[in-house]
Amino acid sequence: MTEPSDYAGPFNPDFSHEKYNKETLVRLLKTYGEYIFRIDALWYLAVMDKWGNDQAFACDIKVWEKALVYELKAVSEAHNIHGDDVATVMKFFQCSPWMWNYDYTIDLKNDDYAILTFHTCPLLLSLEKEGSGRERLICQEFEPNTKRRIAHYFNPSIRVTGLKVPPRTDYNDCCCQWEYKLER
């Protein structure tokens, strides 16, 4: 029996994602990753519309303080990711459902040093289009803190430095770029 690529046709009482072919499962992972991204954006905008950006940003920090702990543990366990070096952090990024939303590259120089470059970022593009300057707050406060928290989950001695952080002046360059370094 061939593995289905979609759910066209009649209702199937024995439906299961496990029956899909690999290509469909990958497409669904991307779809679900985008869904998570959109939920995050929609709740933020709803709070911002009602109580302003300061309150929305404060709520965002509170939500992600808890959600990030869950994501780190769940993704690490599901993929059996263990270690205390930069390569381990990069493995986590590769497996995170958020990363399906980006075009990115990881330049792993060695197990203790890497450059993570985001070539596309739907959030940054939306913020730039909005034109209110919120990318300063998100990209210069929220993102560095989040990236440090991810690295420090694996090893508190890993330093995270923003090499290129919005607001951008060159739109042909990357969206942002981060250095991860562990000196032993």
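**Exercise 1. Cysteines**

Cys 175 is buried, its relative accessible area being 4%. Keep in mind that you are working with a predicted model. Your task: find out how many disulfides the structure holds, and explain why Cys 175 and Cys 176 do or do not take part.

*Solution.*
Step 1. Recall what we are looking for: a disulfide is a covalent bond between the sulfur atoms of two cysteines.
Step 2. Set the cut-off: the two sulfur atoms must lie within 2.5 Å.
Step 3. Start from Cys 175. The closest cysteine sulfur belongs to Cys 121, at 5.6 Å, so the pair is too far apart for a bond.
Step 4. Move on to Cys 176, which is buried as well, with 12% relative accessibility. The closest cysteine sulfur is again in Cys 121, and at 6.3 Å it is too far for a bond.
Step 5. Finish with the search of the whole structure, which gives 0 disulfides.

**Exercise 2. The overall layout**

Describe the chain: which elements does it have, in what order, and what share of its residues is buried?

*Solution.*
Step 1. Count the elements: there are 5 helices and 4 strands.
Step 2. Read them from the N terminus, and the order is α-α-α-β-β-α-α-β-β.
Step 3. Take the extent of the C-alpha trace, which is about 50 × 45 × 35 Å along the principal axes.
Step 4. Look at burial: 37% of the 184 residues are buried. The exposed surface comes to about 11,400 Å², with 54% of it from carbon and sulfur atoms.
Step 5. Check the contacts: of those between residues at least 6 apart in sequence, 53% join residues at least 24 apart.
Step 6. Add the charges. The 22 positive and 28 negative ones have mean positions 2 Å apart.

**Exercise 3. Helix H3 and Met 90**

Is helix H3 mostly covered or mostly open, and what does Met 90 touch?

*Solution.*
Step 1. Helix H3 spans residues 86–95, and 7 of its 10 residues are buried, so the helix is mostly covered.
Step 2. Name some of the buried residues: they include Val 86, Met 90 and Phe 93.
Step 3. See what they pack against: H2, strands E1 (104–110), E2 (113–118) and E4 (176–181), and helix H5 (134–154).
Step 4. Zoom in on Met 90, which has a relative accessible area of 3% and is therefore buried. Beyond residues up to four places away in sequence, Met 90 touches Ile 106, Leu 108, Ala 114, Leu 116 and Tyr 180.
Step 5. Now compare sequence with space: Met 90 and Ala 151 are 61 residues apart along the chain, while their C-alpha atoms are 9.0 Å apart.

**Exercise 4. Ser 76 and Asn 80**

Work out whether Ser 76 and Asn 80 are buried or exposed, and describe the setting of each.

*Solution.*
Step 1. Ser 76 sits in helix H2 (residues 53–79). Its relative accessibility is 4%, so Ser 76 is buried.
Step 2. A polar atom of the Ser 76 side chain lies 2.7 Å from the backbone oxygen of Leu 72.
Step 3. Leaving out residues up to four places away in sequence, Ser 76 touches Glu 71, Ile 81, Phe 92, Tyr 153 and Phe 154.
Step 4. Asn 80 belongs to the loop between H2 and H3. With 56% relative accessibility, Asn 80 is exposed.
Step 5. Check its backbone: Asn 80 is not a glycine, yet has a positive phi of about 55°.

**Exercise 5. A cis peptide bond**

Which form does the peptide bond from Pro 166 to Pro 167 take?

*Solution.*
Step 1. Omega is near 15°, and the bond is cis.
Step 2. Place Pro 167 in the fold: this residue is in the loop between strand E3 (159–164) and E4.

Conventions:
Residues are numbered from 1 along each chain as its sequence is written. This is a predicted model: local features need pLDDT of at least 70, side-chain atom pairs count only at pLDDT 80 or more; totals for chains, interfaces and linings use all residues. Side-chain values use heavy atoms; hydrogens and water are left out. Helices (H or I, at least four residues) and strands (E, at least two) are DSSP runs, numbered from the N terminus. Buried means under 20% relative accessible area, exposed over 50%, partly exposed in between (1.4 Å probe, protein chains only). Contact means heavy atoms within 4.5 Å. Accessible areas come from the Shrake-Rupley method with a 1.4 Å probe; for residues, only the protein chains shown count as cover. Lys and Arg count as positive and Asp and Glu as negative; His and the chain ends are not counted. The place of a charge is taken as NZ of Lys, CZ of Arg, CG of Asp or CD of Glu. A polar contact is a pair of N or O atoms within 3.5 Å; within protein, one must be able to donate a hydrogen and the other to accept it, and residues adjacent in sequence count only if both atoms are side-chain atoms.
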